[in-house]
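Grab a pencil and try a few short exercises. Have a go at each task before you read its solution.

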Amino acid sequence: MTTRAVRARTAVLSAVPTALTATLLAACGGPAPAPAPAPTPVPTATATATATATAKPSATTAATAGAPSPTLLVTDFGADTVTFVDPSRPGRAADLGSVRVGTAPYGLAVAPDGTAWVATAEGVAVVDTRTRTRVALVPHTTRTGPVTTGEYRGGGMGIALSPDGTRAYVGVNVPGGNGTLEVVDTATRAVVRVVPVGRRPFDVDVSADGRQVYVTDHDSFDVVTVDTATWAARRTEVAPYGTEGGLGSWLKPHYAAVRPSDGALLLPFEGERLAVVDPSTGRVTVEPMTADTHQHGITAAPDGTLYIVGTGPIDPATDAGPSLTVRAPDGSERLVPLDGPHETVTLSPDARTAYVSGGFTREGGWDGLTVVDIATGRTSRVPVGHLPLAVAVLPDRP
């Protein structure tokens, strides 16, 4: 067993008070013993929640000087809305209002025409971001049980669009069992195919040519590659620390990014290991990393630079705190410290600014984004939404 594997197991079971053990195991480990209590929904058309006491704004600039700030859309996992954000505005003024989409929205994909496809516990919501209205809700075909909230709720998780925009692919979590990949025809707004995948499909990615869809399954330690011509599926185990601990393990895959240069699938683990999956063969190689922190979200810039979210330590006595890793194509890394847990990251169109969501799926998430100036490493907090999880940049209006 590796040093990290030992720390991961003992940190949960030994290094914390007994009363907290069940909570921490539920975080990235096995299913929670009971559904999380439903949060109070946002009561009006605009989000009213602000940053929690741990989300103290810094005094640094919120956006890269001289660069226009795009409008962002975030999923409010702690409510039933998506929220529009202008990250250049100070404080609560950054919140431009919200649209109800469905219970506990998770993943988000935006088409070039501004249509947003949002994975919720109830189905895939379709939002016209220009009129700021929900225009459709595509119910899940997969049976997921009662609609609930919280980290282990059933329903849509990762979501992605095909390059030609004709399909939306959504990973659907089935509590207590294997999930599915539902294929939505974006013209008819209906589920046209269902492909079995693994447990808790955190993330969905698509190859540049649209011929393959990659589903990252958190609780089954794998990536399922789906051929979009035949719908054949192939499982690849991605477990650089092994699978000991099963559902209770912390050392499982979360999110992935497709490397622009060769189409390899990249999955970060613990700030120590980057799993590199060759989709054509299923071969997995591992490259070293330096952050030494539990990692979740990842995105790749067009030049191949990776931006990877470190959520914080498994064991505070030995592991490092939250960070954003900026990893160059040659493997060199620069770390930007973050204040508190975060979940996902997306980039501005010019790749000079990173937007990191504070709506961590585990306990400790906060209501806002951290804006990172890539060149300087300066950060600022933007209070917005209610546990914002996914972030997307909206296309410019014509």
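**Exercise 1: a strand with two partners**

In which sense do strands β17 and β18 pair, and over how many bridges? Then work out how β18 sits in its surroundings.

Solution. Keep in mind that this is a predicted model.

Step 1: Start with β17, residues 265-269, which pairs with β18 in the antiparallel sense over five bridges. For a reference point, find leucine 265, which stands opposite valine 277 in β18.

Step 2: Look at the connection. β17 and β18 make a hairpin with three residues between the strands, and glutamate 270 in this hairpin has a positive phi near 60 degrees.

Step 3: Now move on to β19, residues 284-288. β18 and β19 run antiparallel and are joined by five bridges. Here alanine 275 stands opposite valine 286 in β19.

Step 4: Check this second hairpin too. Six residues lie between β18 and β19, and glycine 282 in the turn has a positive phi of about 80 degrees.

Step 5: Finish with burial. Of the five residues of β18 (residues 273-277), four are buried, so the strand is largely enclosed by the rest of the structure.

**Exercise 2: reading a sheet**

What is the strand order in the open sheet of four strands, and which are the edge strands?

Solution. Step 1: The order is β24-β25-β26-β27, with antiparallel pairing.

Step 2: The edge strands are β24 (345-347) and β27 (379-383), because each pairs on one side only.

Step 3: From one strand to the next, the twist averages 25 degrees.

Step 4: Zoom in on β25 (residues 353-357) and β26 (residues 368-373), an antiparallel pair with five bridges. Tyrosine 355 stands opposite valine 371 in β26.

**Exercise 3: unusual phi values**

Are alanine 104 and tryptophan 231 buried or exposed, and what are their phi values?

Solution. Step 1: Recall the background: most residues other than glycine have a negative phi.

Step 2: Alanine 104 has a positive phi near 50 degrees. Find alanine 104 in the loop between β3 (95-100) and β4 (108-110); with a relative accessible area of 0%, alanine 104 is buried.

Step 3: Tryptophan 231 isn't a glycine either, yet its phi is positive, at about 65 degrees. This residue is in the loop between β14 (222-227) and β15 (233-237). Its relative accessibility is 15%, so tryptophan 231 counts as buried, the cut-off being under 20%.

**Exercise 4: rings that meet**

How many aromatic pairs does the structure hold, and how are the rings of tyrosine 106 and phenylalanine 202 arranged?

Solution. Step 1: There are three aromatic pairs.

Step 2: For tyrosine 106 and phenylalanine 202, the ring centres are 6.1 Å apart and the planes are at 80 degrees, so this pair is edge-to-face.

Step 3: Tyrosine 106 is in the loop between β3 and β4, while phenylalanine 202 is in strand β12 (residues 201-206), so the pair ties together parts 96 residues apart in sequence.

Step 4: Check burial: tyrosine 106 is buried at 4% relative accessible area, and phenylalanine 202 is buried at 1%.

Step 5: Next come phenylalanine 202 and tyrosine 255, with centres 5.6 Å apart and planes at 75 degrees, so this pair is edge-to-face.

Step 6: Put the picture together: Phe77, Tyr106, Phe202 and Tyr255 form one aromatic cluster.

Key: Residues numbered from 1 in each chain as written. Predicted model: local features only at pLDDT ≥ 70, side-chain atom pairs only at ≥ 80, totals over all residues. Heavy atoms only, no water. Buried < 20%, exposed > 50% of the residue type's maximum accessible area, 1.4 Å probe, protein only. Helix = DSSP H or I, 4+ residues; strand = E, 2+ residues; numbered from the N terminus. Pairing = 2+ DSSP bridges. Axes fitted to C-alpha atoms, helices over the stretch in contact; angles between N-to-C directions. Phe/Tyr/Trp six-rings, centres within 6.5 Å; stacked < 30°, edge-to-face > 60°.
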